[in-house]
Amino acid sequence: MLRILRQKWLRDLLTTIAVLVSATALVAAPEQAITGAKNGLTLCFNVIVPSLFPFFVLSSLVVDLGLAAYLGRALEGLMRPLFRVSGSCSAAVVLGFVGGYPVGARTALQLYRQGLCSKVEAERLLAFCNNSGPAFIFGVVGAGVFGDGRVGLLLYLTHALASLLVGLLFRFYGGSRRMGSSSSPRKAKPIGTLTLPAAFTGAVSRSFQSTLNICAFVVFFSVVLQLLTTWGALSALADALSLLGLSGQWAHRLVAGLLELSSGVSSLSGASGLAGPASMAAFMLGWAGLSVHCQVLSFLLDSGLSARVYLAGKLCHGLIAAALTWLAARLLPISQTVSHYLIQQTESIAALDFSTALAISTCAAFGCWLLFTVLCATLARKRGGKTVRNRVY
C-alpha cells in the first residue's frame with residue numbers, strides 16, 4: 001500500500017480530487033463554511049493567542065539568552081542517562097508540560113537550530129515533549145467535561161507519566177548513531193547569547209508569526225470539521241470504524257478526537273461510566289489530533305527532522321496514557337457524575353474572556369521565566385563567573 005502511495009502520479013491525482021471535492025463543498029455549503037470559520041476565529045482570539053503567544057516569547061528568550069544552555073550543563077547528568085538527549089533539552093520538556101501544544105515542539109526545534117542538540121536528539125525530544133497544558137486538562141476536560149477536578153488530576157498525571165515513558169522508549173531511537181556519551185566528558189563550549197534587546201525583539205516577531213500560523217490551522221480545521229459534519233463524512237468514517245467492534249457512538253467520538261482534540265473531548269460529555277470515557281480522553285490528549293500535528297509539522301518544514309518519529313511518539317503517548325488511565329480508574333475510588341456540564345467544549349473555550357486568559361497565561365509564562373532565571377543565576381554563581389559568554393549584537 002505504501003509503495004502505491006509513493007507513486008507521484010497517484011499522489012497528484014489524489015491531491016487534485018481532494019481540492020475539487022473541497023471546492024465543491026465550499027460552494028455547496030457556504031453558510032456552514034462561514035460558521036466554521038467564525039468559530040475558529042473566535043477560538044483563536046479568546047484562547048489560542050492569549051495562551052500560546054506569551055509562552056512562545058518565553059521559549060525564544062530561554063534559548064536566545066543562553067538559559068537553556070546553562071540548564072543543560074546542570075541537567076546533563078539527568079537527561080543524558082534517561083532520554084539520551086542533551087541537558088539543554090530539559091527546557092523543551094518543562095515548557096512542553098507547562099505551555100501546552102505546540103510550545104514544546106517549537107522549543108525543541110529552536111534548540112536544534114541553535115546547535116544545542118543533535119538531529120537524532122531533537123527527533124527523540126519531539127516524540128515526547130509536545131504535551132497538553134495543565135489548564136486545559138484540569139479546567140476543560142476535568143472540571144468541564146467530567147464535572148470532577150479529581151478526574152482532571154488523574155488525566156494530567158497519566159498524561160505526564162505516559163510522556164516520560166515515551167521518552168524512555170524513544171531513547172533507543174537512532175541507537176547506532178551515538179552522539180556522545182555521559183561517560184566521556186567533553187570540553188564545555190562557550191555559551192553564545194544575544195543581547196536582551198535583540199533577543200526580545202526577535203522573540204516577539206517570531207512568536208507572533210508562529211501564533212498566526214497556528215491560528216490558520218485552527219480556522220482551517222474548524223471549517224473542515226463543519227463541512228465534514230454537514231455532508232455526513234464523519235458519520236461515514238465512524239461507521240467504518242464500527243466494523244472493528246466499536247459501537248457507533250464511540251466510533252463517532254474516536255473519529256472526532258483523531259481529527260481535532262477539542263471536538264473529541266467535547267463528545268465525551270454525557271458518557272456513562274468513568275474508565276471508558278476517561279481512557280478515551282487520555283488517548284485523545286496524548287494523540288493531540290490532526291490539527292495539532294499540522295501545527296507542529298509547519299515548524300518542521302525545511303528542518304530535516306523526521307515527522308514520522310514525532311507521529312509515532314504521539315501515537316505511543318495516546319495508547320500508553322489510555323492504558324494507564326484505564327488501570328487507574330479501575331483501581332482508584334474516584335466517583336464522577338457525567339452530565340451536561342459542557343455540550344460543546346469548543347464553544348465553552350471560545351467564551352472565555354480574552355483579557356482574563358491573556359493575564360493568566362502571561363503570569364504563568366513570567367513565573368516560568370523567573371524560575372529559569374533563578375536557576376541559571378545560581379549555576380553562574382557556583383561556577384564563579386568562569387563561563388565565557390559570546391554576545392551577538
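The following conversation asks why certain labels are given to parts of this predicted model and answers from computed values.

Reader: What should I know about the model before we begin?
Author: This is a predicted model in which local features need pLDDT of at least 70 and side-chain atom pairs count only at pLDDT 80 or more, while totals for chains, interfaces and linings use all residues. Residues are numbered from 1 along each chain as its sequence is written, and side-chain values use heavy atoms, with hydrogens and water left out.

Reader: How many helices and strands does the protein chain have?
Author: The protein chain has 18 helices and two strands, where helices (H or I, at least four residues) and strands (E, at least two) are DSSP runs numbered from the N terminus.

Reader: What makes helix 4 roughly perpendicular to helix 5?
Author: Two packed helices are described by the angle between their axes and the distance between the axes. Axes are lines fitted to C-alpha atoms, for helices over the stretch in contact, and the angles run from 0 to 180 degrees between N-to-C directions. Helix 4 (residues 67-83) and helix 5 (residues 90-99) pack at about 95°, with their axes 8 Å apart. Angles under 35 degrees count as roughly parallel, over 145 as roughly antiparallel, 65 to 115 as roughly perpendicular and the rest as oblique, so helix 4 is called roughly perpendicular to helix 5.

Reader: Which residues make that contact, and how are they classed?
Author: Contact means heavy atoms within 4.5 Å, and here A68, L71, L75 and M79 of helix 4 meet S90, A91 and V93 of helix 5. By class, the contact has six nonpolar residues, one polar and no charged ones, given that Ala, Val, Leu, Ile, Met, Phe, Trp, Tyr, Cys and Pro count as nonpolar, Asp, Glu, Lys and Arg as charged, and the others, Gly among them, as polar.

Reader: Is C89, in the loop between helix 4 and helix 5, buried or exposed, and how do you know?
Author: Buried means under 20% relative accessible area, exposed over 50%, and partly exposed in between (1.4 Å probe, protein chains only). C89 has a relative accessible area of 0%, so C89 is buried. Leaving aside residues up to four places away in sequence, C89 touches M79, L111, C117 and L125, and the C-alpha atoms of C89 and M79 are 7.7 Å apart although the two residues are 10 apart in sequence.

Reader: What is said about R84, found in the loop between helix 4 and helix 5?
Author: R84 has a relative accessibility of 14% and therefore counts as buried. Its phi is near 55°, which is a positive value in a residue other than glycine. Phi of A288 is also positive, near 80°, and A288, in the loop between helix 14 (275-287) and helix 15 (290-300), is buried because its relative accessible area is 1%.

Reader: Why is P81 of helix 4 called partly exposed?
Author: P81 has 39% relative accessibility, and therefore counts as partly exposed. Not counting residues up to four places away in sequence, P81 touches E76 and R171, and P81 and R171, 90 residues apart in sequence, have C-alpha atoms 9.1 Å apart.

Reader: What makes R171 a charge over a ring?
Author: A charge sits over a ring if NZ of Lys or CZ of Arg is within 6 Å of the ring centre and within 35 degrees of the ring normal. The charged end of R171 sits over the ring of F172, at 5.4 Å from its centre.

Reader: Why is the pair of F220 and F221 called edge-to-face?
Author: Rings of Phe, Tyr and Trp (its six-membered ring) pair if their centres lie within 6.5 Å, with planes under 30 degrees apart counted as stacked, over 60 as edge-to-face and the rest as tilted. By this rule there are two aromatic pairs. The ring centres of F220 and F221 are 5.4 Å apart and their planes stand at 90°, so this pair is edge-to-face. F221 has 8% relative accessibility and so counts as buried.

Reader: How do you know that helix 7 (residues 119-126) is largely enclosed by the rest of the structure?
Author: Seven of the eight residues of helix 7 are buried, which means that helix 7 is largely enclosed. The buried ones are V120, E121, A122, E123, R124, L125 and L126, and they pack against helix 4, helix 5, helix 6 (103-113), helix 15 and helix 16 (307-331).
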